[in-house]
Amino acid sequence: MYAVVVIGAGAAGFMAAITAAKLGNKVVLIDHGHKTCEKIRISGGGRCNFTNVNAAPENYISQNPHFVKSALAQYSAQDFIDWVEDYGIEYHEKKLGQLFCNESSQQIINMLLSEADKYGVEFWQGVSVKSIEKEGDAFTLAYQNTTIKSRSVIIATGGLSIPATGTSDFGYRIARKFGLKIIEPKPALVPLKFSENFFLLNAGLSFHAQVSCSGKSFTENILFTHKGLSGPAILQISSYWQQGQEIIIDICPHIDLKQTLFDAKTKQGAKSLKTILKNITYPETLHSSSKTKLNRNNVFTQDFLETFPLLQEFLDLRLAEISKSDLEFIASGLNAWTLEPSTTEGFAKAEVTIGGLATEELDSKTMQVKKIPGLFFIGEVVDVTGWLGGYNFQWAWSSGYVAGYWSSLA
C-alpha cells in the first residue's frame, strides 16, 4: 500500500510527490503521457519562466481571491529560487520579476527528476488510471486490469490548455465523480480574435500599449496577428475578458495625445495629421530599455495610419483645417480604442485554463477536499489562475508542496 499516489507528472505533481517522499513516505507518481513535463519544456520559449519574484495573492484570479494566501505563505517564490540555486542553475530576470533559466527548461526538469529519484519516488509513465474509489480510510485506484491502494491521492492533472502536450479532463471527471463543484473551465492567457480585417492588414506590428477590461489594466506589448491581437498585454487581459465585453486599448499610454495634437495645431498647423502622427516616438526611457522590444522608434507606422478606421477622413488634412473637437475625437480614439473581441483562439493557444475545481471544496491550508479526507487537488485543475510571467508555475510549486506535506500527515 502506498502512502501517497500523485496523478499527473507536471510541475505541481512532481512537487507534491517529491515533498511527500522527502518525509519518508512510499510515493508513486503516475502520468498517462510518455513525455516528461512537456509544459515545462516548452515554457518561456524553452527557458522556463519558473517563477516570479513578485508572486502575491493579487496576481491570481479565483472566485475566492483569498484562497491562494496560505499556500504562497507556506512555499514562496524565494523557496523555489533557493532550490534552483542549490542545483547551480543559472537564471536571469527578463522583466517584471519574471525569472528564466539562462540555458534551458530541461534544467528544471532534470532537477525534478533528480529529486524524485533521490527520495525514491516511483515514476510510472504511459499509465492511465481508470477509476478511483474510496474504501474506508484508503483509496483503490484501477489501471491496466489491476489495482493499487493508497492512504492519500493527489490530483495534479492540470487543465485543458495546450492539448498537444497531453492535457485531459481527468481531474474534472474525478471531481464530479466525488460530487465536487466545478467552475466552467475556459481558455486564459490566450490571443483574442476579431472579425475586422484591419488586424490582418497590420499582422506583425507591435505596440507598447495599455489594455483594459473588467476594471483591470495591463501595460505591455501587444501584437497584431492574422486573426486579431496577441502579445503580453492581450494575454493578460484575456483572463478577465468575458464574451460580449469590450476591451479598451491606449495605443500610446505614455503620451497625452490630445495635448500633443493641440500643441502641434498651434505650432505646426501647416503639417498634415499623418505627418504629425508618424513623427510621434516612444519615450527614450521606454525604447532604450533592454527589457522592452519594439519594432521601431515611431509609435505609428504608415500602414497602421492608413488602415485605422477613424483617421481616414482626417489623415491628409492640415492640422489648421481640423477643429479642436475633431482633434479631441482623434486623440480619444487612439488613447481609448474600444473593441469587442469575437472570441479567443481557444484551448489550443491558451497558456492556462481558468476555472476548475471550486476552491470552496478545498481546505486552503492543506489543499485537501473538505468532505473527503485523503483526497487533494493542486495546480491548474483548481480554480486558481495566475497572471502571465511565472505566476502559474509558482502556484504549481506552492500548491504541490502544501499537498505533498499535508498528505503525508493524513
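Here are three short exercises with worked solutions on the structure above.

This is a predicted model, in which local features need pLDDT of at least 70, side-chain atom pairs count only at pLDDT 80 or more, and totals for chains, interfaces and linings use all residues. Residues are numbered from 1 along each chain as its sequence is written, and side-chain values use heavy atoms, with hydrogens and water left out.

**Exercise 1.** Work out what span helix 14 should have.

*Solution.* Start with the rule: the expected span is 1.5 Å times one less than the number of residues. Helices here are DSSP runs of H or I with at least four residues, numbered from the N terminus. Helix 14 (residues 391-407) has 17 residues, so 24 Å is expected, and its end C-alpha atoms are indeed 24 Å apart.

**Exercise 2.** Decide whether helix 14 is largely enclosed or not.

*Solution.* Take buried as under 20% relative accessible area, exposed as over 50%, and partly exposed as in between (1.4 Å probe, protein chains only). Now count: 13 of the 17 residues are buried, so helix 14 is largely enclosed by the rest of the structure.

**Exercise 3.** Find which parts the K258 and E328 pair ties together.

*Solution.* First check the contact. A salt bridge needs a side-chain nitrogen of Lys or Arg within 4 Å of a carboxyl oxygen of Asp or Glu; for K258 and E328 the closest N and O atoms are 3.5 Å apart. Next, place the partners: K258 lies in helix 9 (residues 257-267) and E328 in helix 13 (residues 324-335), so the pair ties together parts 70 residues apart in sequence. Finally, look at exposure: K258 is partly exposed at 34% relative accessibility, and E328 is partly exposed at 39%.

Notes: Helix = DSSP H or I, 4+ residues; strand = E, 2+ residues; numbered from the N terminus.
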